[in-house]
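Grab a coffee and open the structure viewer. The exercises below each set a short task and then work through it step by step.

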Amino acid sequence: MEIIEVKNYDELSTVTADLIEKQIKMKEDSVLGLATGSSPVGTYKELIKRNLDFSKVRTINLDEYRGLAPDNKQSYIYFMRDNLFNHVNIKDENINIPNGLAEEGFEECLRYDKCIEDLGGIDLQLLGLGLNGHIGFNEPNTEFVKGTHVVTLSQSTIDANSRFFENYEEIPREAITMGIKSIMDAGHIVLIVNGAKKASILKDALCGPITPNVQASILQLHNNVTIVADKEALSELKKTF
């Protein structure tokens, strides 16, 4: 596991974009596992500025809210198009994200797992870290769920997401998320974390017991993880050394 300490969010975004650029240049048809939320926005902006060739890149997103149409500004496909896809030369057929409007959640999960399999797995998986230790929408649980699955969002996640919605009642209570096995099968995992509010959970994830109650703790078992984090996010971790 490699830990890269950065000064601030801008440097975090630059360093993370460097890692993704390296992957694309090393393999032009890379499969990139992508994340949403506030953490990767700066990384996507940085990638856009670099005018990289995405024409052969394939992407597979971690998750999508259930019940939100693609034209809903809070859906993750809208987020990805607005923050990255509409600004690079990626092909629509190479973009993959769960269908939040699928009537049969189980069937959609099977379809998504087959999609990941058909792509040959993920070369580089970008992750953020939830305040409760979730990666993707793999919430605290009694087990690590291997495959793509429908998840009921925890109250802490709903509260954290409330800043993106005008009305609390509009916040989705369910999502479809990639499972832990697909994440752990990625060749390289890049976890980005910023801010003091993530310091305690980052310490738990990296130094605590491996437990499904902190889903990110499973990353301790991966042999190629890069943590890009600022000083504030690393503050509790440093106390252990």
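Helices and strands here are DSSP runs, numbered from the N terminus, with at least four residues for a helix and at least two for a strand. Please keep in mind that this is a predicted model.

**Exercise 1. A residue with positive phi**

Task: Find where Asn51 sits, and decide whether Asn51 is buried or exposed.

Solution:
- Start with the location: Asn51 belongs to the loop between H2 and strand S3 (58–61).
- Next, look at the backbone. Asn51 is not a glycine, and yet its phi is positive, at about 55 degrees.
- Now the surface: exposed means over 50% relative accessible area. Asn51 has 68%, so Asn51 is exposed.

**Exercise 2. Two helices that meet**

Task: Work out how helix H2 and helix H3 are oriented to each other.

Solution:
- Locate the helices: H2 covers residues 41–49 and H3 covers residues 76–83.
- Compare the axes, which come within 10 Å and cross at roughly 40 degrees.
- Apply the cut-off: angles under 35 degrees count as roughly parallel, and 65 to 115 as roughly perpendicular. H2 and H3 are therefore oblique to each other.
- Finally, inspect the contact: Val41, Tyr44 and Ile48 of H2 meet Phe79, Met80 and Asn83 of H3.

**Exercise 3. Salt bridges**

Task: How many salt bridges does the structure hold, and what does the pair Arg81 and Asp92 tie together?

Solution:
- The total is 14 salt bridges.
- Take Lys49 and Glu46, whose side chains pair at 3.2 Å, N to O. These two are three residues apart in helix H2, so about one helical turn separates them.
- Check their surroundings: Lys49 is exposed at 60% relative accessibility, whereas Glu46 is buried at 16%.
- Move on to Arg81 and Asp92, where the closest N and O atoms are 3.3 Å apart. Arg81 lies in helix H3 and Asp92 in the loop between H3 and strand S5 (95–96), so this bridge ties together parts that are 11 residues apart in sequence.
- Arg81 is partly exposed, at 30% relative accessible area, and Asp92 is exposed, at 53%.
- Salt bridges with shared partners also join Asp18, Glu21, Lys25, Glu46, Lys49 and Arg50 into one network.

**Exercise 4. A buried charge**

Task: Asp230 is buried yet has no salt bridge; which side chain of opposite charge is nearest?

Solution:
- Place the residue: Asp230 is in strand S10 (residues 225–230).
- Search for a partner. The nearest side chain of opposite charge is that of Lys238, 9.2 Å away. A salt bridge needs the atoms within 4 Å.
- Look for a polar partner instead: the Asp230 side chain reaches the backbone nitrogen of Gly195 at 3.1 Å.
- Complete the picture with the contacts beyond four places in sequence, among them Val6, Lys7, Asn8 and Val193.

**Exercise 5. A buried histidine**

Task: Describe the place of His222 and find the backbone nitrogen that lies 2.9 Å from its side chain.

Solution:
- His222 is in the loop between H7 and S10.
- Buried means under 20% relative accessible area, so His222, at 8%, counts as buried.
- The backbone nitrogen in question belongs to Asn224, lying 2.9 Å from a polar atom of the His222 side chain.
- Leaving aside neighbours within four places in sequence, His222 contacts Met184, Ala186, Gly187 and Ile189.

Methods. Residues are numbered from 1 along each chain as its sequence is written. This is a predicted model: local features need pLDDT of at least 70, side-chain atom pairs count only at pLDDT 80 or more; totals for chains, interfaces and linings use all residues. Side-chain values use heavy atoms; hydrogens and water are left out. Buried means under 20% relative accessible area, exposed over 50%, partly exposed in between (1.4 Å probe, protein chains only). Lys and Arg count as positive and Asp and Glu as negative; His and the chain ends are not counted. A polar contact is a pair of N or O atoms within 3.5 Å; within protein, one must be able to donate a hydrogen and the other to accept it, and residues adjacent in sequence count only if both atoms are side-chain atoms. Contact means heavy atoms within 4.5 Å. Axes are lines fitted to C-alpha atoms, for helices over the stretch in contact, and angles run from 0 to 180 degrees between N-to-C directions. Angles under 35 degrees count as roughly parallel, over 145 as roughly antiparallel, 65 to 115 as roughly perpendicular and the rest as oblique.
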